[in-house]
Amino acid sequence: MTTRPWAPIWTMALAAGVLSAFAAQPSQARNTRYLLKIDEVRQDPRYKETVPDDVAFYFAGQSHPATLQSFGEVIANPKGNSFGRPDEEACRWTMMSALKELHDRAIEEGGNAVVDIVSYYRKVVYSSASTYECHAGGFVAGVALKGVVVKVAT
């Protein structure tokens with residue numbers, strides 16, 4: 001019987017090639033879409049700690065006081081850690097971050113409200129006065145909001 005010293009090397013090289021071919025295949029990352037209640041975010045005890053109440057938020061379709069001055073459109077697009085957390089929890093926290101971004105931008109611009117707020121995930125508008133859109137994956141949750149910073153009569 002003849003021994004082939006190259007056989008184990010060849011076999012290992014073939015196995016490595018096959019395994020790397022499978023590893024190189026594109027994976028389908030999870031991107032679950034949720035429509036969640038805005039009120040659940042506002043009722044979360046962390047909301048008052050995260051988002052000061054000196055800026056009012058009015059979602060699409062909600063009436064608001066007369067606009068005295070408009071400062072233009074603003075977009076918030078934060079991402080939150082969803083690893084090891086329930087999707088809804090990660091979405092709620094990310095929504096708070098989005099509202100905090102809108103708040104900070106309104107203060108920076110001299111406004112006291114953000115009106116006509118819509119979800120704006122991947123630049124697609126989802127308009128609702130009671131729900132927002134969130135997308136969650138294995139590691140990241142995302143909420144995008146678009147609105148107009150204004151000064152309203154108080």
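1. Aromatic pair. Searching the whole structure turns up 1 aromatic pair. The partners are Phe 83 and Phe 139, and the pair is stacked. Their ring centres are 5.4 Å apart, with 10° between the planes. The model is a predicted one, so please read every value below as computed from predicted coordinates.

2. What the pair connects. Phe 83 belongs to the loop between strand 4 and helix 4, Phe 139 to the loop between strand 6 and strand 7, so the stacking ties together parts 56 residues apart in sequence. Phe 83 has a relative accessible area of 56%; because that is over 50%, Phe 83 counts as exposed. Phe 139 is exposed as well, at 58%.

3. Arg 85. The loop between strand 4 and helix 4 also holds Arg 85. Its relative accessibility is 26%, so Arg 85 is classed as partly exposed. Setting aside neighbours within four places in sequence, Arg 85 contacts Arg 46 and Trp 93. From Arg 85 to Gly 138 is 53 residues in sequence; in space the C-alpha to C-alpha separation is 9.2 Å.

4. The antiparallel sheet. One open sheet has 4 strands in the order 1-6-7-4, and its pairing is antiparallel. At the edges are strand 1 (32–37) and strand 4 (79–81), each of which pairs on one side only. On average, neighbouring strands of this sheet are turned by 30° against each other, direction ignored. Strand 4 and strand 7 (residues 140–142) run antiparallel and are joined by 3 bridges. In this pairing, Asn 81 sits opposite Val 140 of strand 7.

5. Helix 4 on that sheet. Helix 4 spans residues 87–109 and packs on the sheet. The helix touches strand 1, strand 4, strand 6 (131–136) and strand 7. Its direction makes about 120° with that of strand 6.

6. The disulfide. The structure holds 1 disulfide. Cys 91 and Cys 134 form this bond, with sulfur atoms 2.1 Å apart. The link is left-handed, with -80° about the S-S bond. Cys 91 is in helix 4 and Cys 134 in strand 6; the two are 43 residues apart, and the pair links distant parts of the chain. Both Cys 91 and Cys 134 are buried. Helix 4 and strand 6 are thus worth viewing as a unit: they touch in the packing, and the disulfide has one cysteine in each.

7. A charge over a ring. Arg 33 lies over the face of Tyr 126. The distance from the ring centre is 5.6 Å.

8. The mixed sheet. Another open sheet is formed by 4 strands in the order 2-5-8-3, this time with mixed pairing. Strand 2 (56–59) and strand 3 (67–76) are the edge strands, each pairing on one side only. From one strand to the next, the twist averages 25°. Inside the sheet, strand 5 (residues 113–119) and strand 8 (residues 145–152) run antiparallel, with 5 bridges between them. Val 118 stands opposite Lys 146 of strand 8.

9. Where to look again. Which residues does Arg 85 contact, beyond its neighbours within four places in sequence? They are Arg 46 and Trp 93. Which elements hold the two cysteines of the disulfide? Helix 4 holds Cys 91, and strand 6 holds Cys 134.

Terms used:
Residues numbered from 1 in each chain as written. Predicted model: local features only at pLDDT ≥ 70, side-chain atom pairs only at ≥ 80, totals over all residues. Heavy atoms only, no water. Pairing = 2+ DSSP bridges. Axes fitted to C-alpha atoms, helices over the stretch in contact; angles between N-to-C directions. Contact = heavy atoms within 4.5 Å. Disulfide = S-S within 2.5 Å. Buried < 20%, exposed > 50% of the residue type's maximum accessible area, 1.4 Å probe, protein only. Phe/Tyr/Trp six-rings, centres within 6.5 Å; stacked < 30°, edge-to-face > 60°. Lys NZ or Arg CZ within 6 Å of the ring centre and 35° of its normal.
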